[in-house]
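Work through the exercises below with the sequence and the coordinates at hand. Each task is followed by a stepwise solution.

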Amino acid sequence: MGNPKAFLTIPRQEAGYRPIHERITDFSEVEQTLNTGERKLQASRCMDCGVPFCHWACPLGNRPPEFQDALFKGKWHDAYEILTRTNDFPEFTGRICPALCEKSCVLKLSIDAPVTIRENEVAIIEAAFREGYVKPKTYKRNGYKVAIIGSGPSGMACANQLNQKGYDVTIFEKQEYIGGLLRFGIPNFKLHKLIIDRRVQIMESEGINFKVNSEIDLTKLPEEFDAYCICTGTPQARDLNIPGRELKGIHFAMDILAQQNRVLAGQVFPKEERISAKGKHVLVIGGGDTGSDCIGTSIRQGAVDVMQIEILPKPPVGTNPLTPWPQWPNILKTSSSHEEGCTRRWNLNSKCFIGQHGHVCGVEVEEVEWMPNPNGTRPIMQPTGRKEIIKTDMVLLAMGFLKPELPSLPKNAFVAGDAATGASLVVKCIDSGRKAAKQIDNFLHPSRI
């Protein structure tokens, strides 16, 4: 390493977010960037640790020590080359990955100040685009054709890897835009869609075919391909089937998120179809990242106020002795959207929706307690009998997604991403797509195994 002791004198510095009063007026990305000098200093904090757990923690097997060292030394092209050997789309993960690598960084485990690996990652790829390092390449074709069903992160990664191996790849997307979850599930204030378009243009220039508005029946796969990869994600959201569910004003999280992204892309919806939080008291049911995205979207649409409720207990702040490393730390997460203004409550179970004139006007909730399970498995939820009514005129359901049930597939069809595992992280989906590409290559070229 260029400066193995820099971590002793240089503190962790995050770029932070744009001022709240400014960012809530638009859907531009909230995260700021450091200047080149400060970014190189942050990269210098990556010490020459004996066992770099960041390698192990990253599903893609990224090599932070190597690209941090190159970045610190100003070798931006080298850093880009190292980063993209393992990660097809650093511009995505660098923006929206929860940074599993940082949770395992030796500096996190020792002084709770990990290297800013995620921010450094996106700084490298943005410099690469800015300096012209990212250029379309030409690959010799091997005569095989592969169809990718679904254009989310796993589908794009699988296509990218197969294309580099010489396959003629066609991605079929049932929606009108490429990107899957990246396009429709992630708000622009976290991932601007021009970032996706920029990457798609590179992939098209390299020979990948994209076909939108093309829904494929998985029981009748197109016949002209030698292999297939099913990357259809987890389209079915988990519902809340309690009395009053039929009332107007109750929406799945993806309904408002996807529509808002379409509006920002220039689409126009009739008034009766528009899902807007303007002037409303919004209740978000579900305490995860999707719920957080609903909060930020509602605030930007002009909600009067927003409340987020979660059935699970409030996690501790900072550290949690119940989830020590190498487990993922179950601690309180405060997102940029939470900072913008939101009431958060825990241990609340929704009992029924209350309506007036066919529209939701409240939700009856009951406080619950979680007791240890004698079997050592998931704690047992116990109702307390303490009930109340939360007034609201818009409810957004953000309680996760159901793992899809796929039909029987032919032996030349492989499954990747959320379609294979259920809802997961973008970084894991990219890794799954890369592995599926390798499986397909081994299937069509068994002599290479």
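**Exercise 1: charge**

Count the positive and negative side chains of the protein and find how far apart the centres of the two sets lie.

Solution. In this predicted model, the protein carries 55 positive and 51 negative side chains. The centres of the two sets are 3 Å apart.

**Exercise 2: overall fold**

Determine the secondary structure content and compare the radius of gyration with the globule rule.

Solution. Step one: the protein contains 17 helices and 13 strands. Step two: its radius of gyration is 23 Å, close to the 22 Å from the globule rule for 449 residues, so the protein is as compact as a globular protein of that length. Step three: the C-alpha trace spans about 65 × 60 × 50 Å along the principal axes.

**Exercise 3: burial and contacts**

What percentage of the residues count as buried, and what share of the contacts with a separation of 6 or more joins residues 24 or more positions apart?

Solution. Under the 20% relative accessible area cut-off, 50% of the 449 residues are buried. Residues 24 or more positions apart make up 70% of those contacts.

**Exercise 4: nonpolar cores**

Identify the residues that touch the most other members of the largest nonpolar core, then trace where the core comes from.

Solution. The core has 39 residues, and Ile148, Leu162 and Ile440 touch the most other members. Elements supplying at least two residues each include β1 (145-149), α10 (153-164) and α17 (426-444). The largest share, seven residues, is from α17. Beyond its neighbours within four places in sequence, Ile148 contacts residues including Leu162, Val169, Phe172 and Cys229. Another core, of 26 residues, lies apart from this one and has Phe67 and Ile125 among them.

Definitions and conventions: Residues numbered from 1 in each chain as written. Predicted model: local features only at pLDDT ≥ 70, side-chain atom pairs only at ≥ 80, totals over all residues. Heavy atoms only, no water. Helix = DSSP H or I, 4+ residues; strand = E, 2+ residues; numbered from the N terminus. Rg over C-alpha atoms; globule rule 2.2 N^0.38 Å. Buried < 20%, exposed > 50% of the residue type's maximum accessible area, 1.4 Å probe, protein only. Contact = heavy atoms within 4.5 Å. Lys, Arg positive; Asp, Glu negative; His and termini not counted. Charge placed at Lys NZ, Arg CZ, Asp CG, Glu CD. Core = buried A, V, L, I, M, F, W, Y, C linked by side-chain atoms within 4.5 Å.
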